[in-house]
Every structure is written in C-alpha cells, then in structure tokens.
Amino acid sequence: MMRYYIVDDNIATVKSLENIIKSRKLGTVCGYSTSPEDAITEILEDRPDIVLVDFLMEGMDGVEMMQTIRAEADGIYFVMISKVTDKEMIQNAYTRGIEFFINKPVNIVEVETVLNNLMEKIRMKGMLKQLKNIMSDADDVTGSHAVDEPAVIKTDYKKIDHLLGNLGMQGERGSQDIKKAFAYMVEKNCDYGKNVLSYIEAESGDTAKNIEQRMRRAIKKGLTNTAHVMMDDSYSDIVDVYARYVFDFSTIRDEMNCLNGKSSTGGRVSISKFMDGLILFSRN
C-alpha cells in the first residue's frame, strides 16, 4: 500500500486530499504539513512513497522543495498540486522530475486518476527491474529451467499494434522490423542487440544498418507525433497510456523544443529503450 505525504499551505486542500486518498483506498497518509521547511525534515525521516506538494508556496516552491529532498533521498515520487496553467512552467516542473500535476481546486476523479496512473508507473518500474533480473538469471542457467522461466509472464502481442497505431507509427516500414524484433526478444527472452538484428537480417535479406535506420525513423515518427500531442494537450491519454512506456519526458521535451524552434536538434531516439518499453507494455 502506498504511503503519502501532503504539503500545502492551505489546510483545506490538505484535508481534501487526505479524505480522497482514504475514501478511494489509494493508500495511507503518513503525514502532512503547511510549511515546506518542516515538511522536508519529516519527509526525510518518514520516507513516504509519494509526496503531493503545492506548486507555489511562500518561502519555497514545490520544485525547490522536491530538489532539496532528492539531493538526500532517492525513490520518492512527487505530484504537483497547482492552479498554474502556463505550459512552460508545467514543462519546466516535469523536466525537474515531477511525475504528474493535479489541478486546483482538487476533485475526486482527477486525484484518483492521477494517483492510480502514478502507482501503475511505480509498479511498471518494478516489473521492468524484475524482467531484467529474470533475463539475467536465464543467461546463467541451462536446461529446462532456462526454457520454462519466461512463461511466468504473459505477453499480449495485440497490445503492440495498439501502441504503434496510437503513436502513428504503423504506416512506417520500420514498424514491421520493430514487431519482428519484439517477437524474437519475447521468444528468446533476450535484450535488444546484435542477435536480434541478425535474426531480422536472415529473415528479410536486408542489412543490419538498413534495418536499424528504418526502426529509428519509425521511432522518431512516434516521438514527433507524441510531442505534437503533448503541445496540444499535456494530459492526453496517448501520452499517459502509451507514450510514457517508450519515451521519457526529457526526450519528449527536447522534441517539443525542436518543433517550437527553440532547439536545432530534437529528442534522441534509443532503439533498445523503446524495445524495453514495448516488452513492459505488452506484459503489463
């Protein structure tokens, strides 16, 4: 069960959030404070899983408070509570490490949705770590154990088509290479690498260089489409449900800056990270 700490200089907001968390059975509230300075001390002592913090407070804003805590403690997730609608301020907060925003005045539906999404993200990170451990263990053993281990986790191939389709990648030739690589990685329980490329080479008769170029172009297309969506609606389901598995926010931000003319280079494409995200998405 998730443990929450709430920081807001308005006690009414604190109590509203506490009641929502309790009534919707989202976890337990281990503490709260109306002072960011006092909250830092208590959070470092209690180490909650999630901190809900007001964006704009007297003396210290929520981003500054988060950075102070993160300098001394890892593994704590932060959600901002704010009336702010300025996109640049919101993007800056995301860049600094905020996971999600909750708008003021708070309402049950949004709070429950955001916190459930964050809990799912935390669970996914744990699953990805578990998957990597399983893959690592499989490399160290032989015989039936190495063959049977991957069957513990079910893979849904249809979900990959949904993700690629929602990111606007299905029309790209590289999406077929991505799906072939995905199928091989699942079958062999392996990470993306030369062995995966060798398999696609043998099947398609093309070179590894051409295959990777097609995959990169397809992934870049998905990243660009995601950035366009994010610019129009930072709370879009396409970002929350699909893109967050395969792109981190800093990469999307860099692509957005390029589209806005603020940078000459866009987000960096990583095939291996994209493929890891597909594996996790399919098994979630």
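Ser 82 sits in strand 4 of what is a predicted model. With a relative accessibility of 2%, Ser 82 counts as buried, since the cut-off for that label is under 20%. Setting aside residues up to four places away in sequence, Ser 82 touches Phe 55, Phe 101, Ile 102, Asn 103 and Lys 104.

The rest of strand 4 tells a similar story. How many of its residues are buried? The count is 6 of the 6, so strand 4 is largely enclosed by the rest of the structure. Both of its faces are covered: Tyr 77, Val 79 and Ile 81 are buried on one side, and Phe 78, Met 80 and Ser 82 are buried on the other.

**The sheet around it**

Now for the sheet itself. It is open, has 5 strands in the order 2-1-3-4-5, and its pairing is parallel. At the edges you'll find strand 2 (28-33) and strand 5 (100-103), each of which pairs on one side only. On average, neighbouring strands in this sheet are turned by 20° against each other, ignoring direction. As a reminder, strands of a sheet pair through backbone hydrogen bonds, either parallel or antiparallel.

Two of the pairings can be spelled out. Strand 3 and strand 4 run parallel and are joined by 5 bridges, with Val 51 standing opposite Phe 78 in strand 4. Strand 1 (residues 3-7) also pairs with strand 2 in the parallel sense, over 5 bridges, and there Tyr 5 stands opposite Gly 31 in strand 2.

Which helices pack on this sheet? Helix 1 (residues 11-23) does, touching strand 1, strand 2, strand 3 (50-54) and strand 4 (77-82), and its direction makes about 175° with that of strand 2. Helix 3 (residues 62-70) packs on the sheet too, where it touches strand 1, strand 3 and strand 4; its direction makes about 165° with that of strand 4.

**Two helices, checked for length**

A quick sanity check on helix geometry uses a rise of 1.5 Å a residue, and helix 1 passes it: the expected span agrees with the distance between its end C-alpha atoms. Helix 8 passes as well, its expected span agreeing with its end-to-end C-alpha distance.

| Helix | Residues in helix | Expected span | End C-alpha distance |
|---|---|---|---|
| Helix 1 | 13 residues | 18 Å | 18 Å |
| Helix 8 | 15 residues | 21 Å | 21 Å |

In helix 1, the buried residues are Thr 13, Val 14, Leu 17, Glu 18, Ile 20 and Ile 21. These cover an arc of only 165° around the axis, which puts them on the same side of helix 1.

Helix 8 (residues 174-188) has its own buried list: Gly 174, Ser 175, Asp 177, Ile 178, Ala 181, Phe 182, Tyr 184, Met 185 and Val 186. What covers them? The cover includes helix 7 (158-166), helix 9 (194-204), helix 10 (208-232) and helix 13 (271-283). Right after helix 8 comes Asn 189, whose phi is positive, near 55°.

**Two residues of helix 10**

Helix 10 offers a pair of residues to look at. Gln 213 is found in this helix and, at 35% relative accessibility, counts as partly exposed. Gln 213 is 39 residues from Gly 174 in sequence, and the two are 7.9 Å apart in space, C-alpha to C-alpha.

Thr 226 lies in helix 10 as well. Is Thr 226 buried or exposed? It is buried, with a relative accessible area of 1%. Leaving out neighbours within four places in sequence, Thr 226 is in contact with Leu 167, Val 239, Ala 243, Phe 247 and Ile 252.

**The whole chain, and how far to trust it**

Zooming out, the protein has 13 helices and 5 strands, and buried residues make up 47% of its 284 residues. Among contacts between residues at least 6 apart in sequence, 68% join residues at least 24 apart.

On confidence, the mean pLDDT is 84, and 88% of the residues reach 70 or more. Which elements have the lowest and the highest mean pLDDT? Helix 6 (residues 144-148) has the lowest, at 43, and strand 1 has the highest, at 96. Over residues 142-153 the pLDDT is below 50, and this stretch has 7 contacts in the model beyond near neighbours in sequence. Where pLDDT is low, the predicted coordinates should not be read in detail.

Definitions and conventions: Residues are numbered from 1 along each chain as its sequence is written. This is a predicted model: local features need pLDDT of at least 70, side-chain atom pairs count only at pLDDT 80 or more; totals for chains, interfaces and linings use all residues. Side-chain values use heavy atoms; hydrogens and water are left out. Two strands pair if DSSP finds at least two bridges between them. Helices (H or I, at least four residues) and strands (E, at least two) are DSSP runs, numbered from the N terminus. Axes are lines fitted to C-alpha atoms, for helices over the stretch in contact, and angles run from 0 to 180 degrees between N-to-C directions. Contact means heavy atoms within 4.5 Å. pLDDT is the predictor's confidence in each residue, from 0 to 100. The expected span of a helix is 1.5 Å times one less than its number of residues. Buried means under 20% relative accessible area, exposed over 50%, partly exposed in between (1.4 Å probe, protein chains only). The arc is that of the directions from the helix axis to the C-beta atoms.
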